[in-house]
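Thank you all for coming; I would like to take a few minutes to walk through one model, mostly by way of its charged side chains. Please have the picture open while I talk.

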6 protein chains.
Amino acid sequence: MSQTLRPSGRAPDALRPVVISRHFTKHAEGSVLIEFGDTRVICTASIEDKVPGFLKGKGQGWMTAEYGMLPRSTHTRMDREAAKGKQSGRTQEIQRLIGRSLRAAFDLEAFGERTLHIDCDVIQADGGTRTASITGAMVAAYDAFSKLVERGAITAIPVKHFVAAISVGVYQGVPVLDLDYPEDSSCDTDMNVVMTEQGHFVEVQGTAEGEAFDRATMNRLLDLAQEGITDLIALQKQVLSM
Amino acid sequence: MSQTLRPSGRAPDALRPVVISRHFTKHAEGSVLIEFGDTRVICTASIEDKVPGFLKGKGQGWMTAEYGMLPRSTHTRMDREAAKGKQSGRTQEIQRLIGRSLRAAFDLEAFGERTLHIDCDVIQADGGTRTASITGAMVAAYDAFSKLVERGAITAIPVKHFVAAISVGVYQGVPVLDLDYPEDSSCDTDMNVVMTEQGHFVEVQGTAEGEAFDRATMNRLLDLAQEGITDLIALQKQVLSM
Amino acid sequence: MSQTLRPSGRAPDALRPVVISRHFTKHAEGSVLIEFGDTRVICTASIEDKVPGFLKGKGQGWMTAEYGMLPRSTHTRMDREAAKGKQSGRTQEIQRLIGRSLRAAFDLEAFGERTLHIDCDVIQADGGTRTASITGAMVAAYDAFSKLVERGAITAIPVKHFVAAISVGVYQGVPVLDLDYPEDSSCDTDMNVVMTEQGHFVEVQGTAEGEAFDRATMNRLLDLAQEGITDLIALQKQVLSM
Amino acid sequence: MSQTLRPSGRAPDALRPVVISRHFTKHAEGSVLIEFGDTRVICTASIEDKVPGFLKGKGQGWMTAEYGMLPRSTHTRMDREAAKGKQSGRTQEIQRLIGRSLRAAFDLEAFGERTLHIDCDVIQADGGTRTASITGAMVAAYDAFSKLVERGAITAIPVKHFVAAISVGVYQGVPVLDLDYPEDSSCDTDMNVVMTEQGHFVEVQGTAEGEAFDRATMNRLLDLAQEGITDLIALQKQVLSM
Amino acid sequence: MSQTLRPSGRAPDALRPVVISRHFTKHAEGSVLIEFGDTRVICTASIEDKVPGFLKGKGQGWMTAEYGMLPRSTHTRMDREAAKGKQSGRTQEIQRLIGRSLRAAFDLEAFGERTLHIDCDVIQADGGTRTASITGAMVAAYDAFSKLVERGAITAIPVKHFVAAISVGVYQGVPVLDLDYPEDSSCDTDMNVVMTEQGHFVEVQGTAEGEAFDRATMNRLLDLAQEGITDLIALQKQVLSM
Amino acid sequence: MSQTLRPSGRAPDALRPVVISRHFTKHAEGSVLIEFGDTRVICTASIEDKVPGFLKGKGQGWMTAEYGMLPRSTHTRMDREAAKGKQSGRTQEIQRLIGRSLRAAFDLEAFGERTLHIDCDVIQADGGTRTASITGAMVAAYDAFSKLVERGAITAIPVKHFVAAISVGVYQGVPVLDLDYPEDSSCDTDMNVVMTEQGHFVEVQGTAEGEAFDRATMNRLLDLAQEGITDLIALQKQVLSM
């Protein structure tokens with residue numbers, strides 16, 4: 001039975017409980033605590049009234065993201081990247097992914113020469129920190145742009161379409177949705193999918209950790225991802241009272 | 001009236017509301033969220049079964065601390081230290097202070113060749129992050145040592161005496177307890193005091209930001225600090241059900 | 001006509017001329033110059049008789065990859081990463097991708113406690129440097145393992161299956177194979193695919209630079225990639241006289 | 001007898017011989033060699049005709065300090081910080097302390113948009129390097145400002161009050177003044193005090209290395225510090241022929 | 001017989017076969033592959049239309065050089081400097097030498113406020129990489145300046161005199177020209193000489209690896225170097241069809 | 001008259017006054033203050049009872065050197081290398097030169113598995129800091145080895161021959177000895193020569209800053225250097241009472 005397959009007892013197509021708490025901290029223009037089960041990430045969106053050098057004078061905005069994990073967000077303590085003096089390749093890869101995903105969701109030409117800084121900081125890790133980060137950052141960014149509208153700086157929130165992200169993978173031969181840590185650390189294939197509310201792909205990153213996977217598996221994984229992301233976007237809109 | 005002096009309306013000798021929540025994250029041996037008003041810090045204690053090179057083979061343990069602020073824990077976003085590739089002088093000064101304070105609280109010779117890593121990560125800053133860190137880390141470390149007792153690795157929690165920390169300062173000419181950010185950023189004198197449950201000093205760090213301060217002022221500040229720390233240690237023991 | 005669409009005049013499903021030259025430099029156990037049109041990458045494979053710390057004593061091998069671009073491999077000179085003192089996020093992302101791809105091609109348990117270091121250095125860039133790197137590194141690694149067989153250190157080349165990589169994308173609305181620089185810098189969607197000789201996926205990394213792409217487009221892109229990779233693997237085997 | 005207690009044979013309230021030599025090197029606007037017994041520090045003050053970015057256009061000046069130790073200023077050779085590529089936490093803590101102390105001594109609004117750089121380099125260390133640095137830097141800064149007066153750039157030396165610094169501590173149970181290395185490395189409590197000629201505190205930094213210390217001890221230590229600093233300021237003025 | 005002395009069988013005064021291939025890569029203004037026997041270096045010259053800060057507004061140009069070795073250009077793989085985060089002292093010494101040598105060859109005041117960046121990247125190392133770099137960079141720079149003349153930016157190539165470089169040394173007691181790796185790694189004295197077409201010295205860097213060398217030996221080495229450089233400059237001019 | 005040519009009024013073949021003061025600081029095994037006129041360098045030699053990894057178990061010793069300048073040893077303040085987090089190319093070049101020179105003076109196989117660390121720190125710079133460093137380090141190293149003899153660790157000082165260093169150059173067309181800063185900053189040719197007491201060359205590093213120099217000039221410069229070094233070595237021996 002698939003119910004008994006997953007360590008968590010979840011059905012193959014079941015998300016973990018997802019909770020999105022807005023206004024989690026008080027200083028940021030947008031601040032969200034997102035939970036995918038035991039994975040907890042603080043996503044903040046900060047507005048700065050200038051753009052990087054390569055965009056100066058072009059009349060458009062920019063969005064960029066940074067990602068970090070608290071040293072003891074994980075099972076065993078990791079070294080603090082600030083103390084080591086460099087960010088790992090994994091960290092850089094994730095923050096580039098978050099940045100691209102958010103830039104796909106908003107119209108960079110519709111909020112002036114401003115930069116929206118996304119910070120995703122993992123408080124507790126149990127698999128799926130990058131997909132939770134993207135899903136939470138979408139809401140934090142929306143809130144931050146609302147502040148710009150309230151201040152009269154722009155007339156409308158420059159959203160093109162909502163995006164959310166989820167992982168899918170093959171665990172013990174079965175395609176499953178939303179891998180938690182025990183699944184993630186022993187699965188054969190791991191894929192992160194970022195999708196719009198129209199069901200179009202923004203990012204697809206699939207990796208065969210063990211056996212390479214065939215086209216049929218890929219199709220099943222994409223189906224699962226689409227279902228999960230549809231639910232996540234519905235939740236994003238619900239917490240925003242849309 | 002002194003009641004009307006402070007931006008928060010607090011009396012000169014009043015702490016902000018202090019909340020200590022244990023077991024805040026699930027992986028760390030000790031994990032505490034401490035709140036001094038709007039200042040919120042996650043303090044975790046992680047046990048590693050080895051010591052730094054300079055202590056190898058000496059049969060004693062070590063405690064060390066790291067400190068960080070989430071980039072948007074502050075009014076305006078700070079650069080992420082991991083991205084800059086170095087920790088600021090302020091960060092290093094604070095983590096050295098936390099480490100010394102905790103090493104004064106516990107008997108390093110009573111828990112074997114182990115290292116206790118303290119991580120204090122500021123989620124939201126409103127003044128007093130280093131004193132909240134020390135006060136919360138005391139509880140997180142106590143919890144971590146309890147785990148070692150439960151595992152049978154040691155027979156008793158190696159605490160010498162409880163320590164807690166508070167800031168005091170001269171705000172608009174009046175000595176006050178537990179400075180919040182509006183006070184901290186405009187006060188003349190700022191002092192951080194770390195004290196044991198016996199009322200003895202572990203650390204005293206006073207700085208005249210504007211006018212140098214005289215001996216009488218110093219005495220009044222130390223009185224205030226002692227009152228505040230007495231209350232904080234009572235709270236530490238209460239949340240630990242001692 | 002699609003023939004006139006691409007700046008190079010290539011058909012949508014046409015690879016650029018691919019040349020793989022073995023024994024390009026004399027010191028490395030495996031050394032290949034691979035050309036995808038004007039893109040030229042030196043791929044070397046070096047054998048070291050030890051493994052990283054996390055694998056010590058486990059009786060298995062390791063493969064790892066590094067990637068670099070000569071400062072003037074590109075249209076305008078880039079800063080030298082060694083002089084800047086850090087590798088960019090893009091560099092790290094690519095070298096992680098190369099490493100995972102090669103580890104999928106070979107049996108890490110079949111060549112003892114040795115590390116195979118892959119170095120991919122771009123001499124001239126015209127799009128597709130990462131896919132050329134993977135495709136060339138496969139041959140360089142095969143040659144390096146042949147040396148181990150010749151030395152009698154192992155009895156057979158520990159290959160599980162050949163892998164190669166190609167990019168696909170949507171250029172001016174049309175799915176095309178093997179993007180060159182003019183296409184890459186203005187396409188809507190860019191996907192890098194790493195595949196085995198069985199036609200199974202090792203890595204799929206698709207990014208919508210502009211519009212998000214739908215499922216039908218994704219299917220067409222994967223078809224194109226499979227065709228291209230089949231040709232590349234045939235070429236790899238031909239130059240190895242298999 | 002307390003006379004026999006200290007390794008040096010000094011009385012508990014005795015400073016080491018202090019020598020301040022002005023014009024020690026020829027290029028700096030102010031250059032002082034200060035000796036506290038065997039501790040020897042070169043303090044230079046350099047004037048730059050601009051201020052850091054955060055002060056630009058505000059019409060005021062800035063003072064900042066850097067500190068270093070020659071690798072073999074100590075009993076065993078330390079690694080050179082320039083070779084390691086980073087300054088230790090201790091170094092940063094000390095240079096922040098020197099900077100704050102000097103900024104308390106001079107009126108930053110009275111010497112235009114200029115920066116005074118203090119460099120304190122320890123040639124030989126025998127305890128008390130930070131207090132010697134502050135005490136010597138006061139004289140070097142005074143000399144540098146004299147140069148500005150001579151050049152007609154300002155009309156008066158912008159001194160608010162002289163400052164000097166000394167360490168005090170509890171050595172074998174007895175409060176003593178001006179710890180040398182043998183005392184510093186084995187004392188229970190170590191306090192560095194920076195004070196003005198009015199006897200007011202600029203900085204107080206006390207640390208219990210072993211036992212926490214009580215209020216009475218603190219009072220005795222502050223008394224000792226005040227006596228020592230009074231003597232040091234008298235000497236500063238004497239060498240400046242004031 | 002001296003013919004049998006050298007591992008390569010060369011006469012003491014014989015250069016290795018030297019090949020200079022222009023237009024080796026397509027993006028750079030000047031691009032040369034230079035081979036001194038098995039030593040192969042790619043030398044590119046890139047023109048940037050600005051100068052470093054210290055020359056801004058002075059109406060003159062600048063030339064600077066960087067040097068690197070591919071990790072497996074050598075017998076055993078070296079660590080990649082970009083991955084280590086710093087360039088070695090040897091690398092910096094070589095790139096400073098190349099820069100000074102090229103600045104001696106061209107008239108910095110005759111090509112406007114432009115910077116010519118030289119990049120010398122060693123593909124395969126067999127001794128003499130720095131002298132091959134200088135000799136090849138001369139041609140690459142000449143080609144780059146030709147581009148400026150073609151574009152009408154300057155009226156003539158700002159060459160003062162051609163320069164080339166060669167190593168000489170004492171191998172098994174005999175002064176020899178153009179050391180290859182087996183000679184370089186076991187010779188007593190190693191000297192790199194950079195000379196103009198007039199036979200004047202730009203740089204002389206001689207090092208006694210074992211025994212110090214006397215004046216007579218020095219004279220013989222300088223004679224050999226002059227002969228070799230005369231040949232190299234003839235070759236430079238020949239490939240440039242001068 | 002050549003006597004009036006040089007800014008200092010020195011004859012072309014005149015050294016500046018040279019003073020070598022031994023036992024300048026108390027902790028180092030060898031400690032020398034060397035003055036070449038206004039150039040003042042502290043040279044210390046520290047003995048460590050182990051060798052770098054590449055020499056472990058080979059039964060021989062090692063000598064290595066580091067060099068630094070105090071930030072205000074120069075006319076205008078330089079940035080502190082420890083604060084910048086890296087040593088300049090110039091610094092690395094100089095410390096490599098000092099290390100090679102000293103390794104030529106002593107027999108590395110005659111003092112066991114020990115490392116002698118040379119530190120040359122420039123207190124005041126007026127030209128010739130690297131040659132003063134080498135000349136002073138020779139004496140400091142000799143003193144350090146004497147300590148080893150005194151301790152009975154070795155039976156004799158492992159000196160092969162004394163070395164010293166001096167600069168020569170062409171100033172306003174005239175070859176001169178021992179360039180000071182005004183000469184060094186405007187001379188055409190600058191050469192640093194390291195020589196043994198037998199008059200043999202250890203290092204020759206000549207650079208044409210302006211015009212390339214011919215063979216006759218080179219010969220004259222080497223003559224001058226030899227005279228100067230002969231005097232320096234006589235002085236080294238005199239201060240060592242040999």
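I will begin with how the model is to be read, then turn to symmetry, salt bridges and one surface patch.

This is a predicted model, in which local features need pLDDT of at least 70 and side-chain atom pairs count only at pLDDT 80 or more, while totals for chains, interfaces and linings use all residues. Residues are numbered from 1 along each chain as its sequence is written, chains are lettered from A and ligands numbered from 1 in the order in which they are written, and side-chain values use heavy atoms, with hydrogens and water left out.

Let me start with two of the chains. A turn of 180 degrees with a shift of 0.0 Å along the axis lays chain E on chain F with an RMSD of 0.0 Å, where copies are superposed by least squares on the C-alpha atoms of residues with pLDDT of at least 70 in both. The two copies are therefore related as by a two-fold rotation axis, and in chain E the C-alpha nearest that axis belongs to E:Gln205, at 2.2 Å.

How many salt bridges does a search of the whole structure find? Over all chains there are 114, a salt bridge being a side-chain nitrogen of Lys or Arg within 4 Å of a carboxyl oxygen of Asp or Glu.

One of them joins E:Asp180 to E:Arg10, with the closest N and O atoms 3.3 Å apart. This pair links distant parts of the chain, 170 residues apart: E:Asp180 sits in the loop between β7 (174-177) and α5 (181-184) of chain E, and E:Arg10 in the loop between α1 (2-5) and β1 (18-22). Helices (H or I, at least four residues) and strands (E, at least two) are DSSP runs, numbered from the N terminus. E:Asp180 is buried because its relative accessible area is 5%, and E:Arg10 counts as buried at 10%; buried means under 20%, exposed over 50%, and partly exposed in between (1.4 Å probe, protein chains only).

Another bridge is formed by D:Arg77 and F:Asp119 (2.5 Å, N to O). Here the pair crosses between chains, from the loop between β4 (62-69) and α2 (81-84) of chain D, which holds D:Arg77, to strand β5 (residues 115-124) of chain F, which holds F:Asp119. At 1% relative accessibility, F:Asp119 counts as buried.

In chain A, a network of salt bridges links A:Arg6, A:Arg10, A:Arg16, A:Asp126, A:Asp178, A:Asp180 and A:Glu183.
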